[in-house]
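Below are my notes on the structure, set out as numbered points. They start with the ligand and go on to the domains and the sheet.

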Amino acid sequence: MASWGPGSALRALPFLSHGEHIYMVDTDGNKYMDWTCQAVCTNLGYTVPPAVMNAVTKQMSELAMAYGGLGNTEIRVRLGALLNELLPDEITGFLFPSGGSEANEAAMRIARRYTGRPKIVNMYRSYHGGSPGALQATGDFRRGFTESTGELPGFVKTFNPFDTIGKFSFGSTDAEKAQNALAYLEDQIIMEGPHTIAAVMFESIVGSGGVYVAPPGYMEGVREICDRYGILFIADEVMVGFGRTGTFWGFQNYDVVPDIVTSAKGLSGAWLPLSMVAVRTEIKEFFEDTPLGWGATYHAHPVSMACAYESIKFMLEGDMLNHAKKVIEPVLKEGIDALCAKYECLGNGRQIGAFGCMDMLDKYGNPVQQLDGSNCTHPDAVLGYRQAMKANGLYGFLRPPFIHCAPPLVISPDELREGFSRQDKALAVYADIVSKA
Ligand SMILES: Cc1ncc(COP(=O)(O)O)c(C=O)c1O
């Protein structure tokens, strides 16, 4: 069975046999460049460093499993200490679930139990995970998959502070957008009743919803509103944590310290399943005498944690943050700008660090379809582009109108330029079909 799409879609997918560096190979011998780190997760590519291999093998042979609720382990302490150093001083408590959705479920449980309040505020353009609570927190069309079985109570949606592919805008300048979106959010909180709101949970930088950075001052203003009303600020860093945007954490692109940070994916290079929930000391201490009321068999899995510890060290020793910011970002910008200038049916190029996006447009300059796939004006062109990506050896997720660009952080400038020339060939197919429509 497939996941978000119908099962029959599986038959069209490549049958993968192995991977190396930034490439994946299928059983027919076709080699693909991974253009989006799969689901923006394989940040370090496919060549697993010997230190990671050795640490995983060592942990497997010494203690392959320790149920987190029944025993502590050296690697759990060591990984916690390392993350402690990488996060702001205020954040000192850690949980280690297995995936991003599970981390967000735990974060929301923590916020609700800590504040004694029921509601969580999220953005419309957002994704927080596939489990019931995380999907109800999600703002994009995927939320519909839980609503069809009955809405979970306790979630409030707010509009994103930046312009998206929709028609709504908070203003014509960044300052206006930040100010109006903050006024809207605060009014919304007052109307909901601040005493009913446990947390605001936002992606630091909206990822699968289109790579959007909040305008200057917005996140700082959200922090102030949270402080004014005793609301917790949860930063969902599942996609952008661990270097994607050229800073270690996405929230470091603003002047804020969240109360709770969730992350996953890049934490272990996605080589083994692991996520994290990191909380401020006050929250950690609150749960010293109060049960958290959350658990999972694979929480703090020692083998996944051994993988994560060495993956983070590999990232730091390889200076990946600098590479993302100083080496990848300019080439990404150059490539995105050149394609947007070349094709009328492509626009709104944007990027931060090693994370970029462009919008596929129709012949009138509008998004070729809505994010939920509805109102597609050129389905044949989208299909043609999808096939041309594959034929030109590009692999990755595609959610039109967005073309995400999220290569492994280990990519070289020449490889990235080669990726853009493959994109160019695939986009020529799209542009040709659109121009004839
Ligand atoms: C921002 C964000 N939060 C949460 C999730 C869910 O993570 P997972 O798929 O590991 O459950 C994702 C997955 O893409 C994500 O991008």
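1. In this predicted model, helix 4 (residues 100-115) supplies the largest share of the shell around the ligand, namely three residues. The shell has 16 residues, of which Gly99, Gly100, Ser101, Val238 and Met239 come nearest to the ligand. By class, nine of the shell residues are polar, five are nonpolar and two are charged.

2. The domain assignment gives two segments, 7-34 and 319-436, to domain 1, and residues 50-317 to domain 2. Taken over C-alpha atoms, the centres of the two domains are 27 Å apart.

3. Where the domains touch, 22 residues of domain 1 are in contact with 17 residues of domain 2. On the domain 1 side, helix 11 (320-342), strand 13 (346-352), strand 14 (355-360) and strand 16 (402-405) each give two or more residues. Helix 11 gives the most, with five. This side of domain 1 has 13 nonpolar, six charged and three polar residues.

4. Strands 13, 14 and 16 form an open sheet in the order 13-14-16, with antiparallel pairing. Strand 13 and strand 16 are the edge strands, each pairing on one side only. From one strand to the next, the twist averages 15°.

5. Four bridges join strand 14 and strand 16 in the antiparallel sense. Gly356 stands opposite Cys405 of strand 16.

6. Helix 11 lies across strand 13, strand 14 and strand 16, and runs at about 175° to strand 13. Helix 11 is also the element that gives the most residues to the side of domain 1 touching domain 2.

Note on methods. Residues numbered from 1 in each chain as written. Predicted model: local features only at pLDDT ≥ 70, side-chain atom pairs only at ≥ 80, totals over all residues. Near = placed C-beta within 6 Å. Nonpolar A, V, L, I, M, F, W, Y, C, P; charged D, E, K, R; others polar. Domains from an automatic or database assignment. Contact = placed C-beta atoms within 7 Å. Pairing = 2+ DSSP bridges. Axes fitted to C-alpha atoms, helices over the stretch in contact; angles between N-to-C directions.
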